[in-house]
Amino acid sequence: MLMEHMGWKISHGNRLGFRLRGQERFMYPGRKNPLFTEDGIRATIQGNLEAIESRLRPAVIDRIPYKPFKSHPHYTGFMALYVHYLYVLGKIEKRQYPPRMTPRLRKNVMRFEQHREQFAFLRDNNIVSQEDMTAFQSHSEDELVNFMKQRTILNVRKKKRKVLYDALADAKALAQAKALYEEGLSSMETEFSRYMEAETILEQSGVPRERLMAEKTAIYEQLTQVNADIHSARKRLALCKEIQDRLPQMEQTIEKIESREAEIHEKHRGR
């Protein structure tokens with residue numbers, strides 16, 4: 001909202017985009033620099049800006065939360081399969097000369113961290129069986145539908161007030177141009193005209209600017225939160241689908257690797 005008042009247009013969606021008024025296309029700097037994603041910007045605002053700019057500290061500091069010691073749990077179902085699969089991949093990765101690997105197996109070894117993230121997802125959500133997975137997916141889909149409805153309602157409210165919100169942003173962004181125009185600086189006629197038009201709209205609305213600003217802030221904050229909730233729900237559903245698609249491949253891979261290792265072990269015993 002502060003950037004809007006400085007003359008920027010913001011695009012929220014899969015990517016965060018910026019466009020100065022008058023530009024035809026949005027810029028998406030987050031594609032090249034993760035600091036310009038929504039999470040990166042939020043971390044920078046909340047952090048020590050001077051230290052970040054002087055490179056004395058990173059924008060985001062990951063701290064591992066303290067966890068008390070717990071005995072190793074006994075996993076079953078999906079989680080047991082993932083534990084077994086991660087164990088097999090870990091053994092192969094640590095060998096200096098691993099057995100002959102297919103391209104698919106080599107790819108899975110390289111994606112070890114991704115498999116570990118999927119296991120953590122299953123563990124954190126207590127998904128053990130297909131019934132648990134189906135129930136979790138159903139709940140996440142219901143949540144996603146509710147979030148989408150909330151976003152639609154908020155966007156409708158925002159659209160109804162769009163003229164006033166744009167006028168509020170123009171009045172803030174063009175205040176300096178109006179002062180320069182009144183000082184006699186040329187080429188400021190268009191900006192001054194837009195400023196006066198915005199002031200007229202705000203005055204005719206009869207809504208106090210403080211109340212309008214508070215209302216706009218509340219809507220933007222709610223939209224930010226609901227967009228984050230939608231992104232999180234979609235990510236959970238995508239993880240569920242990815243895990244279910246991968247389970248049969250994991251079982252086949254484990255069977256092939258252990259069968260080959262058993263053959264190699266038998267040959268060594270025969271010698």
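The lining of the second largest pocket divides into 5 nonpolar, 8 polar and 7 charged residues. This pocket belongs to a predicted model. Its volume is about 590 Å³. The largest pocket has a volume of about 1400 Å³. Helix α11 (209-270) supplies residues to the linings of both pockets, and α11 also contributes to the largest nonpolar core.

**Second largest pocket**
- The lining consists of 20 residues.
- G13, N14, E38, N227 and H231 lie nearest the centre of this pocket.
- Two helices, α2 and α11, each supply at least two lining residues.
- Which helix gives the most to this lining? The answer is α11, with 6 residues.

**Largest pocket**
- The volume here is about 1400 Å³.
- The pocket is lined by 39 residues, and those closest to its centre are M1, M3, I10, H12 and L16.
- By class, the lining holds 18 nonpolar, 10 polar and 11 charged residues.
- Elements that each give at least two residues to this lining include α1 (2-5), β1 (8-11) and α2 (38-46).
- Further along the chain, α7 (130-160), α8 (162-173) and α11 (209-270) also each give at least two.

**Nonpolar cores**
- The largest nonpolar core has 20 residues.
- Which members of this core touch the most other members? They are L144, F147, A171, L202, L212, L223 and V226.
- Helices α7, α8, α10 (189-205) and α11 each supply at least two residues of this core.
- The most comes from α11, which gives 7 residues to the core.
- Leaving out residues up to four places away in sequence, L223 touches R151, L154, N155 and K158.
- A second core is separate and has 19 residues. Among them are L122, I127, M133 and F136.

**Strand pair**
- Strands β1 and β2 (residues 17-20) run antiparallel.
- How many bridges join β1 to β2? There are 4 bridges.
- One bridge pairs W8 with L20, which lies in β2.
- The two strands, β1 and β2, form a hairpin, with 5 residues between them.
- In a regular strand, side chains alternate between the two faces of the sheet.
- Strand β1 also has a part in the largest pocket, where β1 supplies at least two lining residues.

Definitions and conventions
Residues are numbered from 1 along each chain as its sequence is written. This is a predicted model: local features need pLDDT of at least 70, side-chain atom pairs count only at pLDDT 80 or more; totals for chains, interfaces and linings use all residues. Side-chain values use heavy atoms; hydrogens and water are left out. On a 1 Å grid over the protein atoms alone, a cavity is a set of points where a 1.4 Å probe fits but cannot get out, and a pocket is an open set with protein on both sides within 12 Å along at least five of seven lines; lining residues have an atom within 4 Å of a point. Grid points are joined across faces, edges and corners, and a volume is the space filled by probe spheres set on the points. Ala, Val, Leu, Ile, Met, Phe, Trp, Tyr, Cys and Pro count as nonpolar, Asp, Glu, Lys and Arg as charged, and the others, Gly among them, as polar. A nonpolar core is a set of buried Ala, Val, Leu, Ile, Met, Phe, Trp, Tyr and Cys residues joined through side-chain atoms within 4.5 Å. Buried means under 20% relative accessible area, exposed over 50%, partly exposed in between (1.4 Å probe, protein chains only). Contact means heavy atoms within 4.5 Å. Two strands pair if DSSP finds at least two bridges between them.
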